[in-house]
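Subject: Structure handover

Hi,

Here is the structure I promised to pass on to you. Have a look at it first, and then read on for what turned up in it.

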Amino acid sequence: MLASSDSSSVLRPKPPLPARNPTRSYFSSCCLDPGSRPVRPKLSIKMEFLRRMGRGCFKAEADGGGQDLFAIAATAKPVPHHLVIMVNGIIGSAADWRYAAEQFVKRLPDKVIVHRSECNSSRLTLDGVDTMGERLAKEVLAVVRRWPEVQKISFVAHSLGGLVARYAIGRLYDYSSTLAPVGTSRDCFSEEKTEYSMQCLEQGYEAKIAGLEPVNFITFATPHLGSRGNKQLPFLCGLPFLERRASQTAHLVAGRSGKHLFLMDDDDGKRPLLLRMVDDSDDLKFMSALRAFKRRVAYANANYDHMVGWRTSSIRRQHELPKSNLLVVDEKYPHIVYVEGETANDICNKASSNIGGQIIDLEEEMIRGLTQVSWERVDVSFHKSKQRYIAHSTIQVKTYWLNSDGADVVYHMIDNFLL
């Protein structure tokens with residue numbers, strides 16, 4: 001089993017060579033059941049022998065580029081059925097989730113396959129939420145085809161990666177009949193409409209993401225409401241002049257992604273992308289996809305995050321933020337200061353209170369759209385930590401030696417992960 005970087009007792013494969021679109025997956029056992037299955041990565045005869053023997057630790061090169069890392073168990077066990085997709089933020093890479101991925105495999109052996117996405121890294125993260133979301137969707141489909149044994153899927157994303165993941169699941173969303181085998185439902189990009197698929201809409205059906213059962217959708221410090229005004233970009237100190245200038249110049253620094261974050265995009269006369277992503281469209285079912293997950297969780301820094309404000313990352317209005325004197329400290333998770341669940345009744349009450357013809361601003365429109373589904377909100381504070389001024393990276397433990405105080409937040413996420 002893969003272990004953290006300070007472990008000397010476990011053999012670890014050498015880091016893979018850089019590639020434009022590598023794919024990396026972590027899991028604890030890979031002895032596969034026989035039977036028919038889609039095309040999988042081609043392994044050498046020696047690797048195939050090791051796989052069937054169930055001994056040792058090795059890495060396999062996938063035909064599409066990149067590596068899947070294996071830690072073979074001594075006894076034959078089926079491959080885990082739960083795929084976890086981890087998505088990095090702006091100017092980030094798969095390395096940002098290295099620590100969390102290793103802890104996932106360590107704490108949930110034989111339960112999950114953890115794949116750290118690398119289709120959007122470095123300057124590619126400036127290409128825009130839609131372009132990045134399309135790339136992520138294709139990468140997820142490639143991973144799913146490579147491991148046909150998986151049955152469930154979850155997403156864990158940091159910062160801008162949360163918006164990218166929300167776009168990708170809208171692309172990967174499809175229906176599968178509960179009265180018959182799934183068949184070809186994993187090919188989410190196929191435009192072919194069959195009589196069978198129409199029957200799925202009329203009979204009993206269940207929603208799928210990339211042909212899999214969606215379980216957890218988890219974001220860390222994601223600007224769900226964008227970064228436009230209202231102290232959503234905290235380092236501007238809420239000064240109206242600076243916030244206006246930031247909106248006008250964001251594209252010069254962050255490309256199309258900047259335009260999307262500040263709601264300054266108007267491609268082909270359409271509304272800003274983040275506004276469109278709080279509803280379904282003809283070909284992208286953003287909210288239906290979110291609703292399909294059993295749980296949605298938003299981890300948010302309550303303070304010291306200079307990149308993403310507390311409100312936008314927790315999808316709240318100002319008066320809904322917990323007051324400082326109500327924050328509760330958990331000894332097991334010292335930096336988790338407040339946990340808020342939301343029930344179906346809460347959603348109904350909010351919906352009834354919002355009825356009316358009043359004019360609402362863009363932020364309020366996004367809040368109303370996103371809160372059509374329930375969210376668990378987990379507030380984090382590094383107030384007493386020496387790493388508080390880099391809270392945006394510490395919340396995900398981007399680099400362990402620099403952001404180690406966020407480890408309890410990662411543990412909290414794993415301990416509450418729904419399998």
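A salt bridge, as the term is used here, is a side-chain nitrogen of Lys or Arg within 4 Å of a carboxyl oxygen of Asp or Glu. By that rule, the structure holds 17 salt bridges. Please keep in mind that this is a predicted model.

Let me start with the overall picture. The protein has 419 residues, and 53% of them count as buried. Its secondary structure consists of 14 helices and twelve strands. Taking contacts between residues at least 6 apart in sequence, 76% join residues at least 24 apart. The accessible surface is about 19600 Å², with 55% of it belonging to carbon and sulfur atoms.

Now back to the salt bridges. Side chains of opposite charge can pair when their charged atoms come close. One such pair is Arg-107 and Asp-415, whose closest N and O atoms are 3.1 Å apart. This pair links distant parts of the chain: Arg-107 sits in helix H2 (residues 98–107) and Asp-415 in helix H14 (residues 407–415), 308 residues apart. Arg-107 is partly exposed, at 37% relative accessible area, and Asp-415 is also partly exposed, at 35%.

Another pair is Arg-135 with Asp-127, again with 3.1 Å between the closest N and O atoms. Arg-135 is partly exposed at 22% relative accessibility, and Asp-127 counts as partly exposed at 26%.

Are Asp-379 and its partner buried or exposed? Asp-379 and Arg-316 meet in a salt bridge of 3.0 Å, N to O. Here too the pair links distant parts of the chain, with Asp-379 in strand E12 (residues 376–380) and Arg-316 in the loop between helix H9 (310–314) and strand E11 (336–340), 63 residues apart. Asp-379 has a relative accessible area of 0% and is buried, and Arg-316 is buried as well, at 1%. Both belong to a network of salt bridges that also links Glu-340 and Arg-377.

Next, the nonpolar interior. In soluble globular proteins, nonpolar side chains tend to be buried together. The largest nonpolar core here has 55 residues, of which Leu-83, Leu-136, Val-140, Phe-155 and Ile-209 touch the most other members. Elements that each supply at least two residues of this core include strand E4 (82–87), helix H3 (129–146), strand E6 (152–158) and helix H4. Leu-136 is a good place to zoom in: leaving aside residues up to four places away in sequence, its contacts include Ile-85, Val-87, Cys-119, Val-164 and Ala-168. There is also a second, separate core of 31 residues, with Ala-100, Val-380, Val-410 and Ile-414 among them.

Helix H4 deserves a look of its own. Its 13 residues (160–172) should span 18 Å at 1.5 Å a residue, and the end C-alpha atoms are 19 Å apart, which agrees. All of this helix is buried, 13 of the 13 residues, so H4 is largely enclosed by the rest of the structure.

Finally, the surface. Ile-390, Trp-401 and Leu-402 form a nonpolar patch there, with about 340 Å² of accessible area together. Ile-390 is found in the loop between E12 and helix H12 (391–394), and is partly exposed, with a relative accessible area of 34%.

Enjoy exploring it!

Best wishes

Key. Residues numbered from 1 in each chain as written. Predicted model: local features only at pLDDT ≥ 70, side-chain atom pairs only at ≥ 80, totals over all residues. Heavy atoms only, no water. Helix = DSSP H or I, 4+ residues; strand = E, 2+ residues; numbered from the N terminus. Buried < 20%, exposed > 50% of the residue type's maximum accessible area, 1.4 Å probe, protein only. Contact = heavy atoms within 4.5 Å. Areas by Shrake-Rupley, 256 points an atom, 1.4 Å probe, with all protein chains shown as cover. Expected span 1.5 Å × (residues − 1). Core = buried A, V, L, I, M, F, W, Y, C linked by side-chain atoms within 4.5 Å. Patch = residues over 30% accessible without salt bridge, like charges linked within 9 Å, V, L, I, M, F, W, Y side chains within 5 Å.
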